[in-house]
Amino acid sequence: MREGLIPTILGTVVSASGAAFLGSRYKLVASGVLGFGLAHIVLGTIDLIEHR
């Protein structure tokens, strides 16, 4: 399995769940979860590109 694939997939799942909760009353928590997921996507993608 390629290095960086797991954080990218995990970040996608976490970002999707954070985006789903943006309309709820926990908007601040949802924004934090969304940012956490996006950070994982960026870092995982950097690993994927770096270790071709």
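Biologist: Hi! What share of the 52 residues of the chain count as buried?
Modeller: Of the 52 residues, 19% count as buried, where buried means under 20% relative accessible area, exposed over 50% and partly exposed in between, with a 1.4 Å probe and protein chains only.

Biologist: Anything to keep in mind about the model?
Modeller: The model is predicted, so local features need pLDDT of at least 70 and side-chain atom pairs count only at pLDDT 80 or more, while totals for chains, interfaces and linings use all residues. Residues are numbered from 1 along each chain as its sequence is written, and side-chain values use heavy atoms, leaving out hydrogens and water.

Biologist: How many helices and strands are there?
Modeller: The chain has 2 helices and 0 strands; helices (H or I, at least four residues) and strands (E, at least two) are DSSP runs, numbered from the N terminus.

Biologist: Is Ser 15 buried or exposed?
Modeller: Ser 15 is buried, because its relative accessible area is 7%. Ser 15 lies in helix 1.

Biologist: And which residues is Ser 15 in contact with, leaving aside neighbours within four places in sequence?
Modeller: Ser 15 touches Leu 34, Gly 37, Leu 38 and Ile 41, with contact meaning heavy atoms within 4.5 Å.

Biologist: Switching topic, where is Ile 6?
Modeller: Ile 6 is in helix 1, which covers residues 5-20. Ile 6 counts as exposed because its relative accessibility is 54%.

Biologist: Nice. And what does the C-alpha trace of the chain span along its principal axes?
Modeller: The C-alpha trace spans about 40 × 15 × 10 Å.
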